[in-house]
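Visitor: I would like to learn how to read pockets, strand pairing and aromatic contacts in a model of this kind. Could we take these features one at a time, with the general idea before the particular case?

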Amino acid sequence: TDTEATVKASTDLGFEVSVKNSGESQEVQVQVTLTIPAQPSSIVKKGVIEVINPGEVKTVVFKDFPEVPFGEKTTVQVSVKPVPGESNTSNNSYEYPVVFSL
């Protein structure tokens, strides 16, 4: 989250997002969103974790990106929608500074 990364953009561009259930209950239908701010509109990809147990880590893969903003500083934003009864949401979203290159 603190170090800018250079990401080589290609037709195979994809991101793997790992989500850990740090709660004490099994959760279902956990919604994960990846956003890349771009003009004229942001690139938004959504995924769902069907089931995740306490302490478990699951990975969501995002692929098939349209043209990303090349050569300019931007961010890859990842957010997990709070589950029912979740009280600590401070770890539900992160932003990663990136520059997309060819």
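Guide: Let us begin with the pocket, bearing in mind that this is a predicted model. Strands E1 (5-8), E2 (15-20), E3 (27-36), E6 (73-80) and E7 (93-101) each supply at least two residues of the lining of the largest pocket.

Visitor: How is such a space found, and what is the volume of the largest pocket?

Guide: Rolling a probe the size of a water molecule over the atoms shows where empty space is left. In this structure the largest pocket has a volume of about 750 Å³, and its lining is made up of 37 residues, with Val-19, Lys-20, Val-80, Asn-91 and Asn-92 lying nearest the centre.

Visitor: Which strand gives the largest share of that lining, and how is the lining divided by class?

Guide: The largest share, six residues, comes from E2. By class, the lining of the largest pocket consists of 18 nonpolar, 13 polar and six charged residues.

Visitor: Turning to strand pairing, in which sense do E1 and E7 run, and in which sense do E6 and E7 pair?

Guide: As a general idea, the side chains in a regular strand alternate between the two faces of the sheet. Here E1 and E7 run parallel and are joined by four bridges, with Thr-6 standing opposite Val-99 of E7. E6 and E7, on the other hand, pair in the antiparallel sense over seven bridges, and Val-76 has Tyr-96 in E7 as its bridge partner.

Visitor: How many aromatic pairs are found in the whole structure, and what is the geometry of the pair formed by Phe-15 and Phe-65?

Guide: A pair of aromatic rings is described by the distance of the centres and the angle of the planes. A search of the whole structure finds two such pairs. Phe-15 and Phe-65 form an edge-to-face pair, at 5.6 Å centre to centre and with 80° between the planes. Because Phe-15 belongs to strand E2 while Phe-65 lies in the loop between strand E5 (57-62) and E6, this pair ties together parts that are 50 residues apart in sequence.

Visitor: Are Phe-15 and Phe-65 buried or exposed, and what lies over the face of Phe-65?

Guide: Phe-15 and Phe-65 are both buried. The aromatic pair formed by Tyr-94 and Tyr-96 is tilted, with 6.5 Å centre to centre and 40° between the planes; Tyr-94 is partly exposed, at a relative accessible area of 40%, and Tyr-96 is also partly exposed, at 35%. As for the face of Phe-65, Lys-45 lies over it, at 5.4 Å from the ring centre.

Methods: Residues are numbered from 1 along each chain as its sequence is written. This is a predicted model: local features need pLDDT of at least 70, side-chain atom pairs count only at pLDDT 80 or more; totals for chains, interfaces and linings use all residues. Side-chain values use heavy atoms; hydrogens and water are left out. On a 1 Å grid over the protein atoms alone, a cavity is a set of points where a 1.4 Å probe fits but cannot get out, and a pocket is an open set with protein on both sides within 12 Å along at least five of seven lines; lining residues have an atom within 4 Å of a point. Grid points are joined across faces, edges and corners, and a volume is the space filled by probe spheres set on the points. Ala, Val, Leu, Ile, Met, Phe, Trp, Tyr, Cys and Pro count as nonpolar, Asp, Glu, Lys and Arg as charged, and the others, Gly among them, as polar. Two strands pair if DSSP finds at least two bridges between them. Rings of Phe, Tyr and Trp (its six-membered ring) pair if their centres lie within 6.5 Å; planes under 30 degrees apart count as stacked, over 60 as edge-to-face and the rest as tilted. Buried means under 20% relative accessible area, exposed over 50%, partly exposed in between (1.4 Å probe, protein chains only). A charge sits over a ring if NZ of Lys or CZ of Arg is within 6 Å of the ring centre and within 35 degrees of the ring normal.
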